[in-house]
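Q: Could you choose one part of this protein and take me through it slowly, showing how it sits against what surrounds it? I am new to reading structures, so please say how each conclusion is reached.

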Amino acid sequence: GKWDKALHVFSAMACRKVASNTITFNAAMSACEKAGEWEKALQLYGAMATREVEPNSITCNAAISACEKAGEWKNALQLIDMMARCKVEPNTITFNASISACEKGNELEKALELFAAMPLFEVKLDATTFNVAISACEKCNEWKKALQLFNGMSCSRIELDAITCGAAISACEKAK
């Protein structure tokens, strides 16, 4: 994509006296997220407060997903904290991207804490949630935890898929 062109259009809005809003910020941040430009996404997130634009779950998820792609787990967790302060409800996408960021950063305990917190926030777990959590276990050579999650997925009545099975198999294969 042309994330740099998207930011150019976004910047041109101010020159043309067009007010930015949550939708335009979300679009610009989403372009940055898709391009792996996590720092730019966070700059845009910070600029929202300066311009008195309220973030929503889409805003936060775009910023968290940008951090996730770069393995910037600390920034992803900070964004979840900011969501609470801004009274923005986290959702499945929020947690999945944050768990994945922790997985990429080899932060298994943080990933599992997020996984465990989802029901407390009344956020629904899905196949992706289990997949990223099992992958985090696999990456950190925690095959027993991976199998616990794998078995828990069946108990949760969430359908297994090839990604889930592959991650669980890989976790066992890497076991020491």
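**A helix with two partners**

A: Read along the sequence, the pattern is α-α-α-α-α-α-α-α-α-α, so it is worth noting, by the way helices and strands are assigned here, that the protein has 10 helices and 0 strands. What you are looking at is a predicted model, and its C-alpha atoms fill a box of roughly 60 × 30 × 25 Å along the principal axes. The part I have chosen is helix α6, which covers residues 92-104.

A word on method helps before the details. Two packed helices are described by the angle between their axes and by the distance between those axes.

Take α6 with α8 (residues 127-139), where the two axes come within 9 Å and cross at roughly 10°. Because angles under 35 degrees count as roughly parallel, this crossing makes α6 roughly parallel to α8. The handedness of the crossing is left-handed. On the α6 side the contact uses T92, N96, I99, S100, E103 and K104, while α8 brings T128, T129, V132, A133, S135, A136 and K139. Sorted by class, the residues of this contact are 4 nonpolar, 6 polar and 3 charged.

Now turn to α7, the other partner to be considered here. The axes of α6 and α7 come within 8 Å and cross at roughly 165°, and because an angle over 145 degrees counts as roughly antiparallel, α6 is roughly antiparallel to α7. This crossing, too, is left-handed. Here α6 offers F95, S98, I99 and C102, and α7 answers with K110, A111, L114, F115 and A117. The residues of the contact divide into 7 nonpolar, 1 polar and 1 charged. I99 deserves a second look, since it appears in the contact with α8 and also in the contact with α7.

Some residues from this region can be followed into an empty space. Rolling a probe the size of a water molecule over the atoms shows where such space is left. About 160 Å³ lies in the largest pocket, and its lining consists of L77, I80, D81, M83, A84, V88, P90, F95, L114, A117 and F121. Among these are F95, L114 and A117, which also take part in the contact between α6 and α7. Helix α5 (73-85) and helix α7 (108-117) are the elements that give two or more residues to the lining, and α5 gives the most, with 5 residues. By class, the lining has 10 nonpolar residues, no polar ones and 1 charged residue.

For comparison, look at a pair elsewhere in the chain: α2 (residues 22-35) and α4 (residues 57-70) have axes that come within 9 Å and cross at roughly 15°, and they are therefore roughly parallel to each other. α2 passes α4 in a left-handed crossing. In that contact T22, N26, M29, S30 and E33 of α2 meet I58, T59, A62, A63, S65, A66 and K69 of α4, which gives 5 nonpolar, 5 polar and 2 charged residues.

How values were computed. Residues numbered from 1 in each chain as written. Predicted model: local features only at pLDDT ≥ 70, side-chain atom pairs only at ≥ 80, totals over all residues. Heavy atoms only, no water. Axes fitted to C-alpha atoms, helices over the stretch in contact; angles between N-to-C directions. Helix = DSSP H or I, 4+ residues; strand = E, 2+ residues; numbered from the N terminus. Parallel < 35°, antiparallel > 145°, perpendicular 65-115°, else oblique. Left-handed = near helix turned anticlockwise from the far one by under 90°. Contact = heavy atoms within 4.5 Å. Nonpolar A, V, L, I, M, F, W, Y, C, P; charged D, E, K, R; others polar. 1 Å grid on protein atoms, 1.4 Å probe; cavity = no way out; pocket = protein on both sides within 12 Å on 5 of 7 lines; lining within 4 Å. Points joined across faces, edges and corners; volume = space filled by probe spheres on them.
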